[in-house]
Amino acid sequence: MTLYIGLMSGTSLDGVDGALAQFDGAVTTTVAAAYIAFPPLLRAELMALQASGDNEIEREAMAANQLAQYYAQCVAELLRVSGRAPQDVRAVAVHGQTIRHRPELGFTRQTNNPALLAELCGIDVIADFRSRDVAAGGQGAPLVPAFHQALFGKEGQPRVVANIGGISNISVLSGDGRVVGFDTGPGNVLMDGWIHRHRRQEYDADGAWAASGKVVPGLLDELLKEPYLARAAPKSTGRELFHLAWLDARLAAHTAAAPEDVQRTLTEYTAVTLADAIKAYGGGADAVYICGGGAYNSVLMQALGAALGNQVMVASTQALGVAPNCVEALAFAWLGYRFTERLAGNLPAVTGANGERVLGALYPR
Ligand SMILES: Nc1ncnc2c1ncn2[C@@H]1O[C@H](COP(=O)(O)OP(=O)(O)OP(=O)(O)O)[C@@H](O)[C@H]1O
Ligand SMILES: CC(=O)N[C@H]1[C@@H]2OC[C@@H](O2)[C@@H](O)[C@@H]1O[C@H](C)C(=O)O
């Protein structure tokens with residue numbers, strides 16, 4: 001039985017992406033994909049849990065129980081559309097919801113209730129993929145570069161895979177087996193926060209609001225001063241750093257900027273920080289392939305192409321046969337497979353861990 005389910009609910013806090021996949025040696029086959037959106041109240045609670053607050057322990061546990069219900073719905077949907085039964089699936093690999101990421105303090109926390117999920121779906125559940133890497137001195141993130149190399153790496157063809165989720169991360173696949181990867185900075189997190197504040201929308205569909213504004217050069221320069229951007233890898237980041245209060249502090253000198261101009265500037269900021277990282281580490285790459293929700297924002301994609309000097313091919317991972325919104329869920333299915341086979345899931349060169357480690361913890365059905 002080589003079918004695995006991967007579930008990823010990331011820093012955008014929008015919902016859970018699921019993938020049902022088969023792994024046969026080097027061949028990965030996507031059997032089905034599904035997405036279950038979180039209701040607004042759960043999103044708001046997950047957002048609130050990103051920072052310390054009243055009665056956090058109980059609130060985190062209750063949110064984890066709710067998450068398990070939505071994860072179970074996603075598993076049920078994958079089984080329904082593929083016509084499979086729980087016993088056809090070797091394991092469900094579930095990321096959980098990052099609520100605190102502090103590798104420099106020796107921990108990263110993804111809230112989750114894998115025991116409840118095992119009860120709800122009757123399939124082995126593998127969870128907690130990041131903490132072993134952190135225990136071994138690593139960042140615990142990003143983890144997907146190992147999967148990007150397995151799925152998209154091609155001998156003699158240097159390429160970059162970039163995920164634009166809430167946070168952006170790149171994998172530079174050198175074409176000779178070497179992989180460089182790190183979080184480049186914000187993905188959609190600032191754009192999502194800004195449009196929510198001003199227009200009560202969850203995200204800027206296809207960048208339409210940003211397209212109605214202009215880049216504010218002084219603000220962009222200010223945002224680009226963020227020290228994280230110049231730090232050497234290994235490095236990872238999250239909502240601890242890139243949030244609306246961080247933006248507000250930098251907007252203080254630009255109070256006259258129109259909201260749509262700020263949105264356009266944030267779009268440019270995501271594109272430029274990603275492009276700078278690609279230019280610094282992926283200079284020899286023939287092509288850049290984008291996954292994550294940002295791939296559906298054509299204003300962002302054009303800004304990225306322009307920031308790269310329009311000299312390198314920029315396409316979504318669809319060009320390689322994998323839907324951009326499916327890659328991270330597939331990566332966790334693959335990590336579940338690696339756990340089951342007791343194979344390493346991390347790349348020490350990426351995370352900075354002291355060595356290769358098997359990632360995850362098992363909750364048998
Ligand atoms: N049609 C669209 N137009 C513009 N942006 C979009 C569109 N669809 C999705 N997005 C953006 O993509 C985000 C979701 O992306 P994704 O699911 O890859 O993030 P995530 O997995 O939660 O984050 P991370 O990879 O940081 O953990 C949404 O919040 C939104 O900003
Ligand atoms: C701590 C955490 O949840 N990190 C996420 C986040 O979202 C994108 C980026 O920041 C990446 O480092 C990571 O997710 C992907 C799946 C990863 O580990 O590769």
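**Exercise 1. Ligand 2**

Which strands each supply at least two residues of the shell around ligand 2?

*Solution.* Begin with the ground rules. This is a predicted model, where local features need pLDDT of at least 70, side-chain atom pairs count only at pLDDT 80 or more, and totals for chains, interfaces and linings use all residues. Residues are numbered from 1 along each chain as its sequence is written, while chains are lettered from A and ligands numbered from 1 in the order in which they are written.

Step 1. Find the strands. β5 and β9 each give at least two residues to the shell around ligand 2. Strands (E, at least two residues) and helices (H or I, at least four) are DSSP runs, numbered from the N terminus.

Step 2. List the neighbours. Ligand 2 is surrounded by 17 residues. A residue is near a molecule if its C-beta atom, placed from the backbone, lies within 6 Å of it. The closest are Thr98, Ala141, Pro142, Val144 and Ile167.

Step 3. Sort by class. The shell around ligand 2 holds five nonpolar, 10 polar and two charged residues. Here Ala, Val, Leu, Ile, Met, Phe, Trp, Tyr, Cys and Pro count as nonpolar, Asp, Glu, Lys and Arg as charged, and the others, Gly among them, as polar.

Step 4. Check one close neighbour. The peptide bond from Ala141 to Pro142 is cis, with omega near -10°. Pro142 sits in the loop between α4 (131–135) and α5 (144–152).

**Exercise 2. Ligand 1 and the domains**

Describe the shell around ligand 1, then the contact between the domains.

*Solution.* Step 1. Take the shell. Ligand 1 has 23 residues around it, and the closest are Gly10, Ser12, Gly165, Asn188 and Gly293. By class, this shell has five nonpolar, 12 polar and six charged residues.

Step 2. Assign the domains. The protein chain is divided into domain 1 (3–140 + 326–363) and domain 2 (144–320). These bounds come from an automatic or database domain assignment. The shell around ligand 1 draws at least three residues from each domain. The shell around ligand 2 also draws at least three from each.

Step 3. Place the domains. Their C-alpha centres lie 23 Å apart. The contact takes 21 residues from domain 1 and 25 residues from domain 2. Two residues are in contact if their C-beta atoms, placed from the backbone, lie within 7 Å.

Step 4. Break down the side of domain 1 that touches domain 2. β5, α12 and α13 (348–351) each give two or more residues. The largest share, four residues, comes from α12. By class, this side has seven nonpolar, 12 polar and two charged residues.

**Exercise 3. The six-stranded sheet**

What is the order of the six strands in the open sheet that contains β1?

*Solution.* Step 1. Read the order. It is β3-β2-β1-β4-β7-β13, with mixed pairing. Two strands pair if DSSP finds at least two bridges between them.

Step 2. Find the edges. β3 (27–37) and β13 (361–363) each pair on one side only. The twist averages 25° from one strand to the next.

Step 3. Inspect one pair. β1 (residues 3–8) and β4 (residues 89–94) run parallel and are joined by five bridges. Tyr4 stands opposite Ala91 in β4.

Step 4. Add the helix. α12 (residues 327–340) packs on the sheet, and its direction makes about 130° with that of β1. Axes are lines fitted to C-alpha atoms, for helices over the stretch in contact, and angles run from 0 to 180 degrees between N-to-C directions.

**Exercise 4. The five-stranded sheet and a hairpin**

Analyse the sheet that contains β8, then the β5–β6 hairpin.

*Solution.* Step 1. Order the sheet. Five strands form an open sheet, β10-β9-β8-β11-β12, with mixed pairing. The edge strands are β10 (179–186) and β12 (313–316).

Step 2. Inspect a pair. β11 (residues 287–291) runs parallel to β12, with four bridges. Ala287 has Met313 as its bridge partner in β12. Helix α10 (residues 259–281) packs on this sheet.

Step 3. Turn to the hairpin. β5 (residues 97–102) and β6 (residues 107–111) pair in the antiparallel sense over five bridges. Four residues separate these strands, and Gly106 in the turn has a positive phi of about 90°. Thr98 has Gln110 as its bridge partner in β6.

**Exercise 5. Confidence**

What average pLDDT does the protein chain have?

*Solution.* The average is 97, and 100% of the residues score at least 70. pLDDT is the predictor's confidence in each residue, from 0 to 100. For the complex, the predictor gives an ipTM of 0.99 and a pTM of 0.97.
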